[in-house]
Amino acid sequence: MKKWGFMALLLIAIAALVVTAAAESGLTITSAQMQENGNVLLKWKDDAKNGPYVVAYQYTDGQENYSLQMAARNIEGTSFEITDLAPGESYLLYVADQDYNMDVYEFSSSTRLFGGEGSGARLTVTLRKKQGGSISNVDQFTLSEIESTMNDAKNFCGATIKATLPEITKSIYGMDRVALKLPNGDIFVFIAREDKILTTYDYMYFDSVSFNNLWRYIKSVYEEIPTGTYTVSYYFNTDYFGYKTFQVTAK
């Protein structure tokens, strides 16, 4: 989730994008492939070699395109591996050259329960709040609680995330991803990191994860933090462990 000063220019370019733009500039996205670890390898060709390039993406549900997210800028080659997409969802992927000539590619993927149906994999999300040095469990967050904590590095409104594992026969290396779906339908992947699951593990555990940076980012995108139902989802590579919801209320 990266935001840059020239995002407004990119938005204008995307708004003006027409099907002939790629052909006229010679910039064309050739493929987007989901990798075993859940990353998406995006490739393009550019006859004009007018780099460096910018890669961006938008979550889409087929009816609406949501907030534009920057994946990377100043890319010298003609491929990039995106780590910030939620497996099983649909996106519009953009590549733009230094003159904001660009192409767009529709991408979707599938996912499954970790270990297959009936595997016993499941997700537990416990909301956690830290104020005044004390951490407590809560049933929901209020806007005032979030506002009072998100600018204080010592405090937070976040969660403890526990992914219960089925029995596995070999160690697995890959990528953890945690995504948050907002009440308006937009999705942000706010944890994407390399990890490993050993045969001795019963669960993956993320204790008292602060959402401070995420709250700040959401507020920068929408000006106000939306109230309503939020959904936390956890993935390992391309498989999911489940989805849990919580509420953010005005009071």
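The following questions and answers concern the fold, selected residues and backbone geometry of a predicted model.

User: How many helices and strands are in the chain?
Analyst: The predicted model is described here by its helices and strands. In the chain, helices number four and strands number 17.

User: What radius of gyration does the chain have, and why does it agree with a compact globule?
Analyst: The C-alpha trace spans about 55 × 45 × 30 Å along its principal axes. For 251 residues, a compact globule would have a radius of gyration near 18 Å, so the value of the chain agrees with that expectation. The radius of gyration of the chain is 20 Å.

User: What percentage of the contacts in the chain with a separation of 6 or more comes from residues 24 or more positions apart?
Analyst: Burial gives the setting, since buried residues make up 49% of the 251 residues. Among contacts with a separation of 6 or more, the share from residues 24 or more positions apart is 66%.

User: How far apart are the mean positions of the positive and negative charges of the chain?
Analyst: The accessible surface of the chain comes to about 12,300 Å², and carbon and sulfur atoms hold 46% of that surface. The chain has 22 positive and 29 negative charges. The distance between the mean positions of these two sets is 8 Å.

User: Is Asn212 buried or exposed?
Analyst: Asn212 is found in helix α4, which covers residues 212-222. The relative accessible area of Asn212 is 5%, and the cut-off for burial is under 20%. Asn212 therefore counts as buried.

User: Which backbone oxygen does the side chain of Asn212 reach, and at what distance?
Analyst: Leaving aside neighbours within four places in sequence, Asn212 is in contact with Thr149, Met150, Asp152, Asn155, Phe156 and Cys157. One of these residues, Thr149, supplies the backbone oxygen that the Asn212 side chain reaches. The distance to the oxygen of Thr149 is 3.3 Å.

User: Which residue with a positive phi follows α4?
Analyst: Within α4, the buried residues are Asn212, Leu214, Trp215, Tyr217 and Ile218. The residue after the helix lies in the loop between α4 and β16 (228-236). Its phi is about 75° although it is not a glycine. That residue is Glu223.

User: Is Glu223 buried or exposed?
Analyst: The relative accessibility of Glu223 is 63%. Because the cut-off for exposure is over 50%, Glu223 counts as exposed.

User: What is the phi of Lys49?
Analyst: Lys49 is found in the loop between β2 and β3. Lys49 counts as exposed, at 70% relative accessibility. Most residues other than glycine have a negative phi. Lys49 instead has a positive phi, near 50°.

User: How far apart are the C-alpha atoms of Lys49 and Gln63?
Analyst: Along the chain, Lys49 and Gln63 are 14 residues apart. In space, their C-alpha atoms are separated by 34 Å.

User: Is the peptide bond from Gly51 to Pro52 cis or trans?
Analyst: Pro52 lies in the loop between β2 (40-46) and β3 (53-60). Most peptide bonds are trans. The bond from Gly51 to Pro52 has omega near 5° and is cis.

User: Is Phe80 buried, partly exposed or exposed?
Analyst: Phe80 is found in strand β5, residues 79-82. Apart from neighbours within four places in sequence, the contacts of Phe80 are Val40, Leu41, Leu42, Trp44, Val55, Ala71, Ala72 and Ile75. Its relative accessible area is 23%, and burial requires under 20%. Phe80 is therefore partly exposed.

User: How far apart are the C-alpha atoms of Gly133 and Asn155?
Analyst: Gly133 lies in the loop between β9 (122-131) and β10 (134-137). Gly133 counts as exposed at 63% relative accessibility. Gly133 and Asn155 are 22 residues apart in sequence. Their C-alpha atoms are separated by 7.4 Å.

User: Which residues does Val125 touch, not counting those up to four places away in sequence?
Analyst: Val125 lies in strand β9. Val125 and Ile29 are 38 Å apart, C-alpha to C-alpha. The residues that Val125 touches are Ala159, Thr160, Val232 and Lys244.

Key. Residues are numbered from 1 along each chain as its sequence is written. This is a predicted model: local features need pLDDT of at least 70, side-chain atom pairs count only at pLDDT 80 or more; totals for chains, interfaces and linings use all residues. Side-chain values use heavy atoms; hydrogens and water are left out. Helices (H or I, at least four residues) and strands (E, at least two) are DSSP runs, numbered from the N terminus. Buried means under 20% relative accessible area, exposed over 50%, partly exposed in between (1.4 Å probe, protein chains only). Contact means heavy atoms within 4.5 Å. A polar contact is a pair of N or O atoms within 3.5 Å; within protein, one must be able to donate a hydrogen and the other to accept it, and residues adjacent in sequence count only if both atoms are side-chain atoms. The radius of gyration is taken over C-alpha atoms; the globule rule is 2.2 Å times the number of residues to the power 0.38. Accessible areas come from the Shrake-Rupley method with a 1.4 Å probe; for residues, only the protein chains shown count as cover. Lys and Arg count as positive and Asp and Glu as negative; His and the chain ends are not counted. The place of a charge is taken as NZ of Lys, CZ of Arg, CG of Asp or CD of Glu.
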